[in-house]
Amino acid sequence: MEHYKYVILGAGPSGLSFAHTLRLLGEESFLVIDKEAEAGGLCRSTEVDGKPLDIGGGHFLDVKRKDVLDLLFRFMPREEWLEHRRVSKIRIRGIELDHPLEGNLWQLPIADQMDFLESIAKAGSVRGEPEPEAFADWITWKLGECIAREYMLPYNRKIWSMDPNELGTYWLYKLPNVSFRETLQSCLEKRMFGALPAHGTFLYPRDHGYGEVWRRMGDALGDRLHLGEALTGVDVERKIVNGKYQAETVVNSVPWTFWAQHVALPGDVRAAVGRLVQVPIDVDYVADTLPSDSHWTYDPDEAKSYHRILLRANFCPGSRGYWTETNSARAAGEPGPGGFRHHNEYAYPVNTLGKPAAVQTITDWAHARGIFPLGRWGQWEHMNSDVATSLAITAAREAAGGAA
Ligand SMILES: Cc1cc2nc3c(=O)[nH]c(=O)nc-3n(C[C@H](O)[C@H](O)[C@H](O)COP(=O)(O)OP(=O)(O)OC[C@H]3O[C@@H](n4cnc5c(N)ncnc54)[C@H](O)[C@@H]3O)c2cc1C
């Protein structure tokens, strides 16, 4: 039996950031295990057609969090990254508009602008009506009938492959918040008004894919990282992982679904895990270079299987082509474009109506037993890698009692 203060399940951004923060605090009694052959989780990259491609979908580093940049620049210094001003688009009525739609309706022909403006003017949120509970009603209440029908509802049906009313509204504070007044002003002045969306400025490696920084973080852990080792069991009372690693604290960043397969869970916790939903995505490469300056483009057209296109040539110097992200549960059986494809079985944790209660049940059970839920799958939260990293840094500092 090997003894560690911390056994960390998963070497994605969360597990790697937790482990390195412990190390910076002088704590060496930890082990990280991951089922894959390379560290980085959803943020891994590979080489396709001579240039990097992010196999978990398009990944860009938001610049807002200093603690995150300080940690990542230790492994990939700032000069290895290029800074970009976000250009992202939405395909509506046969043309590409800048994101967010509410701030860029002025890019439509006048008659189309009138349709959208009239419907926003009639939206419940503009008329002071109370906030509805159901997702589809909330979207229409907030953004008006046109944006709901032509963008938000079809896009959400594509990405989640479920009836939007099975989703909660508790996460919609993350949507861009452009007021009706700002929408009107943008149409009159023909420029965007309102708050910039997330990733307004982002970093992407100059000569590598996004996965490079995480691969280096994995390498730097040396024998404290066991790759190619899946979770096969946890003796919860004695905190023994895979029959051979005894921990004071087990840090879990792998989907709880694997715990349900390999660990004896009490009935209520097992039932809660059974209520968690995730969406799988396929990433497909196409060698054509599209005539657009967009970094990525959202496509709500339900006749198309993919929901987002990543225009690699616009953020990865010297490259060509693009890749698509497709909810593979929705597109089941449809062939891809035929080139490189990577399947991610666990891509998006879904914000269903029942998720907060299910996560609470699992978290309460885990905390009471010295098991710490971490990251996208430990918290079943649709968080970006900068958020996952920041939360892991804070959690490791609290656990080890210091400031790295
Ligand atoms: C399409 C898409 C686009 C995204 N775009 C961005 C973006 O632009 N910017 C951004 O910052 N973030 C983005 N994200 C989010 C980012 O991928 C996550 O925030 C980040 O990967 C979370 O890190 P994590 O370590 O919590 O989870 P993960 O990266 O999922 O890592 C979990 C790890 O656990 C391992 N694991 C799973 N099961 C087992 C098991 N049974 N045994 C052992 N190990 C196991 C996995 O192999 C993996 O390494 C995007 C995500 C998706 C899906």
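**Note on the predicted model: loops, domains, cysteines and charges**

1. **G56.** G56 sits in the loop between β4 (51–54) and β5 (61–62). This is a predicted model. Is G56 buried or exposed? G56 is buried, with 10% relative accessible area. Its contacts, setting aside residues up to four places away in sequence, are L42, R44, I281, V283 and N344. One of these, L42, lies 14 residues away in sequence. The C-alpha atoms of G56 and L42 are 4.6 Å apart.

2. **Domains.** The domain assignment gives two parts. Domain 1 takes residues 2–86 + 204–400. Domain 2 takes residues 112–187. Over C-alpha atoms, the centres of domain 1 and domain 2 are 30 Å apart. By these bounds, G56 belongs to domain 1.

3. **The domain interface.** How many residues of each domain are in contact with the other? Domain 1 brings 25 residues and domain 2 brings 17. Together the two domains bury about 1,700 Å². Of that area, 60% is on carbon and sulfur atoms.

4. **Polar links across the interface.** Between domain 1 and domain 2 there are 12 residue pairs in polar contact, both residues at pLDDT 80 or more. Three elements give two or more residues to the side of domain 1 that touches domain 2: β16 (306–310), β18 (341–349) and α10 (355–367). The most comes from β16, with three residues. One salt bridge is found across this interface. E302 and R157 form a salt bridge, with their closest N and O atoms 2.9 Å apart.

5. **W160.** Look next at helix α5 (residues 145–160), which holds W160. W160 is buried, at 4% relative accessible area. Which residues does W160 touch, not counting those up to four places away in sequence? They are L167, W171, V279, N327, Y348, P349, V350 and H382. V279 is 119 residues from W160 along the chain. Even so, the C-alpha atoms of W160 and V279 are separated by 6.4 Å.

6. **T352.** T352 is in the loop between β18 and α10. T352 counts as buried because its relative accessible area is 9%, below the 20% cut-off. Leaving aside neighbours within four places in sequence, T352 is in contact with M162, E166, L167, G168, Y170, R275 and V277. L167 also appears among the contacts of W160.

7. **Cysteines.** How many disulfides does the structure hold? The count is zero. A disulfide is a covalent bond between the sulfur atoms of two cysteines. Take C43 as a case. The closest cysteine sulfur to that of C43 is in C316, 16 Å away, so the gap is too far for a bond. C187 is in no disulfide either. For C187 the nearest cysteine sulfur is that of C146, at 12 Å. The cut-off for a disulfide is 2.5 Å. Both residues are shielded: C43 is buried at 3% relative accessibility, and C187 is buried at 9%.

8. **Salt bridges with a buried acid.** The structure holds 36 salt bridges. In one of them, K64 and D62 meet at 3.0 Å, N to O. Here K64 is exposed, at 60% relative accessibility. D62, by contrast, is buried, at 4%. Another joins K304 and D299, at 2.9 Å, N to O. K304 is partly exposed, at 28% relative accessibility. D299 is buried, with a relative accessible area of 1%.

9. **A charge network.** Some salt bridges share partners. Through them, R93, D112, D115, E145, R149 and E150 are joined into one network.

10. **A salt bridge with more accessible partners.** E118 and K122 form a salt bridge, the closest N and O atoms being 3.6 Å apart. E118 is partly exposed, at 47% relative accessibility. K122 is exposed, with a relative accessible area of 55%.

Methods. Residues numbered from 1 in each chain as written. Predicted model: local features only at pLDDT ≥ 70, side-chain atom pairs only at ≥ 80, totals over all residues. Heavy atoms only, no water. Buried < 20%, exposed > 50% of the residue type's maximum accessible area, 1.4 Å probe, protein only. Domains from an automatic or database assignment. Contact = heavy atoms within 4.5 Å. Buried area = accessible area lost by both parts, 1.4 Å probe. Salt bridge = Lys/Arg side-chain N within 4 Å of Asp/Glu carboxyl O. Polar contact = N/O pair within 3.5 Å; in protein donor to acceptor, adjacent residues only side chain to side chain. Helix = DSSP H or I, 4+ residues; strand = E, 2+ residues; numbered from the N terminus.
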